[in-house]
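Here is a small set of exercises to work through with the model open beside you. Try each task before you read its solution.

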Amino acid sequence: MKKIVAALIVLALLVTGAYAGFGLLARQGVVAGVDVIQKQLPGIVDKDVKGGLLSSEVTIRIPLPVSGVDDPDAEATLVVTETIYHGPVVFTGQAHGIPRT
């Protein structure tokens, strides 16, 4: 009986660690993609990645110049927020490791 309980605990830890690993890989992929965007845009791209066990939230802020405005310092900011689900629970319309748009 103790061996079965110990095996179940080890299995649960392995599954939990696997989903945390998938989250880490998803985070690295998003950060690499934002770095490519940073190289192609003149402004400073700000990224905020909040990782979690079941999902990660990525917020990307891209400053955009504004034309046709009297204020020379006017700026607009494009904010993109993505939630990447990589946990064991998949809800309708979501898949593992795929960003939801």
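The exercises below go from confidence to salt bridges, then to burial and surface charge.

**Exercise 1. Confidence**

Find where confidence is lowest and where it is highest in this predicted model.

Solution. Start with the whole chain: its mean pLDDT is 76, and 81% of its residues reach 70 or more. Next, go element by element. Strand S4 (residues 98-100) has the lowest confidence, with a mean of 51. Helix H1 (residues 2-40) has the highest, at 83.

**Exercise 2. Salt bridges**

Work out how many salt bridges there are, and which parts of the chain they link.

Solution. Take a side-chain nitrogen of Lys or Arg within 4 Å of a carboxyl oxygen of Asp or Glu as the criterion. The count then comes to 2 salt bridges.

- Step one: Lys47 pairs with Asp35, and their closest N and O atoms are 3.2 Å apart. This pair links distant parts of the chain, with Lys47 in strand S1 (residues 46-50) and Asp35 in helix H1, 12 residues apart.
- Step two: Asp46 and Arg61 form a salt bridge with an N to O distance of 3.3 Å. Here the link runs between strand S1, which holds Asp46, and strand S2, which holds Arg61; the two residues are 15 apart in sequence.
- Step three: look at accessibility. Lys47 is partly exposed at 32%, and Asp35 is partly exposed at 33%. Asp46 is partly exposed at 37%, and Arg61 is partly exposed at 32%.

**Exercise 3. Buried or exposed?**

Decide whether Val34, His86 and Asp70 are buried or exposed.

Solution. The cut-offs are under 20% relative accessible area for buried and over 50% for exposed.

- Val34, in helix H1, has a relative accessible area of 3%, so Val34 is buried. Its C-alpha lies 8.8 Å from that of Asp46, 12 residues away in sequence.
- His86 sits in the loop between S3 and S4. With a relative accessible area of 2%, His86 is buried. His86 and Leu24 are 62 residues apart in sequence, yet 9.5 Å separates their C-alpha atoms.
- Asp70 belongs to the loop between strand S2 (55-65) and strand S3 (75-85). At 80% relative accessibility, Asp70 is exposed.

**Exercise 4. Surface charge**

Name the residues that form the negative surface patch.

Solution. Begin at Asp70, which Exercise 3 showed to be exposed. Asp70 forms the patch together with Asp71, Asp73 and Glu75.

How values were computed:
Residues are numbered from 1 along each chain as its sequence is written. Side-chain values use heavy atoms; hydrogens and water are left out. pLDDT is the predictor's confidence in each residue, from 0 to 100. Helices (H or I, at least four residues) and strands (E, at least two) are DSSP runs, numbered from the N terminus. Patches are made of residues with over 30% relative accessible area and no salt bridge: like charges are joined within 9 Å, nonpolar side chains (Val, Leu, Ile, Met, Phe, Trp, Tyr) within 5 Å. Accessible areas come from the Shrake-Rupley method with a 1.4 Å probe; for residues, only the protein chains shown count as cover. Lys and Arg count as positive and Asp and Glu as negative; His and the chain ends are not counted. The place of a charge is taken as NZ of Lys, CZ of Arg, CG of Asp or CD of Glu. Buried means under 20% relative accessible area, exposed over 50%, partly exposed in between (1.4 Å probe, protein chains only).
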